[in-house]
Amino acid sequence: MYQMNEELNPNAESPEVAPDRAIADELKKKNMLQTLQSLGQTNVPQLESNIFCLQIIGQIEGHMVMSPQNKTTKYEHVIPQIVAAEQNPKIEGVVLILNTVGGDVEAGLAIAEMIATMSKPTVSIVLGGGHSIGVPIAVSTCTSFIAESATMTIHPVRLTGLVIGVPQTFEYLERMQDRVIHFISSHSRVTEEKLRDLMFRTGELARDIGTNVVAKDAVEMGLIDKVGGISSALQELDRLIQEKKESISSDSMDYLTI
């Protein structure tokens with residue numbers, strides 16, 4: 001009887017295929033549900049791109065685990081992504097999206113150093129805010145952008161938890177602060193003196209010392225390169241990628257000539 005039906009309907013599925021299709025449909029539904037829970041949408045735009053997008057969102061989580069109520073970026077998740085982007089030959093550039101309140105100083109500096117030492121062109125955009133230790137990350141790229149409505153807060157390094165009131169504690173804080181200031185000044189056009197002035201300024205922040213810098217002022221003082229959004233950042237990244245390709249091509253021609 002089965003053979004007769006198969007002959008009458010050659011497109012009919014065999015009994016072995018049906019379970020496999022059911023499993024595939026179930027996996028598809030499960031993946032769609034996971035995408036909906038993670039990103040709030042069922043269909044994620046798929047595009048083969050030569051640009052890798054890295055997000056630093058919320059609080060930068062370092063050696064201490066934050067509470068579940070905090071939106072965090074874990075540095076142990078970010079660093080492997082940077083390594084993968086550096087090693088992947090299909091990735092030609094990295095765009096860094098920042099909207100962070102800051103966080104762990106050493107974790108933030110680790111991320112900033114990783115980005116600054118990449119061989120591929122990098123561009124950063126500060127959206128909303130790039131506060132505290134987010135400042136070194138923002139300036140670690142080849143070119144930095146800040147949205148017109150975004151701000152950056154510069155303030156001294158703080159310690160949480162038990163603090164022993166001895167001179168060594170304050171020396172440790174000062175040395176850590178020097179590391180942050182030196183990194184920012186060496187990867188931007190702002191001077192160390194200007195940074196210290198902004199960091200220890202009183203009267204601007206209600207419950208802290210420091211300065212809240214708006215987009216235009218950040219560019220004028222040399223902290224950030226340009227005011228702009230995603231289109232400006234991607235155009236700049238494309239330009240940097242093209243420059244690198246031309247430089248490699250020129251070096252190859254010189255080698256052949258020699």
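**View 1. Nine salt bridges turn up in this predicted model.** One of them pairs the side chains of Glu-106 and Arg-179, with N and O 3.9 Å apart. Glu-106 sits in helix α4 (residues 105-116) and Arg-179 in helix α6 (residues 167-186), so this pair ties together parts that are 73 residues apart in sequence. Glu-106 is partly exposed, at 35% relative accessible area, and Arg-179 is partly exposed too, at 41%.

**View 2. Arg-201 forms salt bridges with Asp-197 and Glu-204.** For Asp-197, the closest N and O atoms are 2.5 Å apart. For Glu-204, the N to O figure is 3.2 Å. Arg-201 itself is partly exposed, with a relative accessible area of 26%. Its partners are partly exposed as well: Asp-197 comes in at 37% and Glu-204 at 42%.

**View 3. Here a network of salt bridges links Lys-226, Glu-236, Arg-239 and Glu-243.**

**View 4. Now for the largest nonpolar core, a group of 47 residues.** Ile-111, Ile-137, Leu-223 and Ile-224 have the most contacts inside this core. In soluble globular proteins, nonpolar side chains tend to be buried together.

**View 5. Zoom in on Leu-223 and its neighbours.** Leaving aside residues up to four places away in sequence, Leu-223 touches Val-135, Val-139, Met-152, Ile-154, Ile-184, Val-190, Leu-195 and Ala-218, along with two serines, Ser-144 and Ser-188. There's also a second core, separate from the largest one, made of ten residues, with Ile-51, Val-95, Leu-237 and Ile-241 among them.

Methods: Residues numbered from 1 in each chain as written. Predicted model: local features only at pLDDT ≥ 70, side-chain atom pairs only at ≥ 80, totals over all residues. Heavy atoms only, no water. Core = buried A, V, L, I, M, F, W, Y, C linked by side-chain atoms within 4.5 Å. Buried < 20%, exposed > 50% of the residue type's maximum accessible area, 1.4 Å probe, protein only. Contact = heavy atoms within 4.5 Å. Salt bridge = Lys/Arg side-chain N within 4 Å of Asp/Glu carboxyl O. Helix = DSSP H or I, 4+ residues; strand = E, 2+ residues; numbered from the N terminus.
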